[in-house]
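Dear colleague,

I am handing over the structure below, and my notes on it follow directly after. Please read them with the model open beside you.

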Amino acid sequence: MAAIAMLRALRNPSFSSFSPPRVPIRCAVSRFISTLVVAEHDGGSIKPSSLSAVEAAVAISRENSISVLLGGSGPNLGKAALHAASSHPLISQVLVADADILMHPLAETWAELVHLVQQKGGYSHIITASNSFGKNILPRAAALLDVSPVTDITEISEPHLFVRPIYAGNALCTVRYVGKDPCMMTIRSTSFPLHSDLAEPKSDAATISQVDLSTFNEESFGKSRWLKLASQDTERPDLGNAHVVVTGGRGLKSAENFKLLEKLAEKLGAAVGATRAAVDAGFVPNDLQVGQTGKIVAPELYMAFGVSGAIQHLAGMRDSKVIVAINKDADAPIFQVADYGLVADLFDVIPELLEKLPEKK
């Protein structure tokens, strides 16, 4: 077709220029897509947020070659590798970096690991979840690779076209990545839920390979060191993955009153959350914070007690399926996003709920 157009241009002066037929860019690019998912594991299993990152990799292209990167040491690392290999049918390879220095997610060590694996693998995309693990590692790894990451993605339209929230979730921005490979991104795990057919492990497991760490200089990581992990021992579900979340705000007034909320959570089989104001006041530890600077949740049921509904908090829970708000102030902003609202004193409502709700079986 291009040759015919050239002949026409030579024979007819009115044809001042010609252009070759266009090839669909998306189809051509998809053939060369390969994605590295930087995954987090705990207790021998891949965390749901990392499996959501795999779902995001699938959304880039069905022809995507997906590799999962795991780091750490000990028997749990091997168990996590087996779990990752059978967790999704489109995972083609599991890369295992076995080193004691990778036991904890320090940005310096893990960013260098990502840099090392990218140099050997030449991936077109690198994805991780937009949680404390991913937010800690990816920016430093992107700096080592001299690329600009795209963060907190909620939708993938094309291999290099994404949607992400801005202004604390009050607007959505469409971003086209035009930099060099790899395209590095963090995804909001609540926007890429796991499919129900992935609950059972697959028989055709992906291959598991060891990462060559012979050039990994552990002596150069002296700027930071791991001290300790402080977490609460509780039988309640994890806040980021719970189906029901009950959240308290400054209206609870004290840490002692938060125990009422914990009793309600036990009856509902729910996770407990808190606003930044409640965390800053010392009512609860900061790992329970929901919001723009805390955890992003999207449960089936979200119950907010004494929560005013600041824009930063709404950014972390507005995707919840059903939102129930209890507040004395009828003009509280939380009622604008709530499906059900009750203008009442939470110290009257919570005891009544505890009295009428049956015990969890």
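Leu113 touches Leu69, Ala97, Leu102, Val211, Leu213 and Phe216, not counting residues up to four places away in sequence, where contact means heavy atoms within 4.5 Å. This is a predicted model, in which local features need pLDDT of at least 70 and side-chain atom pairs count only at pLDDT 80 or more, while totals for chains, interfaces and linings use all residues. Residues are numbered from 1 along each chain as its sequence is written, and side-chain values use heavy atoms, with hydrogens and water left out.

Leu113 also appears, with Leu70, Met184 and Met185, among the residues touching the most other members of the largest nonpolar core, which has 60 residues. Such a core is a set of buried Ala, Val, Leu, Ile, Met, Phe, Trp, Tyr and Cys residues joined through side-chain atoms within 4.5 Å, buried being under 20% relative accessible area (1.4 Å probe, protein chains only). Helix H3 (residues 48-60) gives this core its largest share, 7 residues; helices (H or I, at least four residues) and strands (E, at least two) are DSSP runs, numbered from the N terminus. A second, separate core has 23 residues, including Val279 and Phe305.

There is also an open sheet of 7 strands with parallel pairing, in the order E7-E11-E6-E1-E4-E5-E12, two strands being paired if DSSP finds at least two bridges between them. Strands E7 (150-153) and E12 (207-210) stand at the edges with a single partner strand each, so one side of each has no neighbour in the sheet. Within it, strand E1 (residues 34-38) runs parallel to strand E6 (residues 125-129), joined by 3 bridges, and Val37 stands opposite Ile127 in E6.

Best wishes

Note on methods: Buried < 20%, exposed > 50% of the residue type's maximum accessible area, 1.4 Å probe, protein only.
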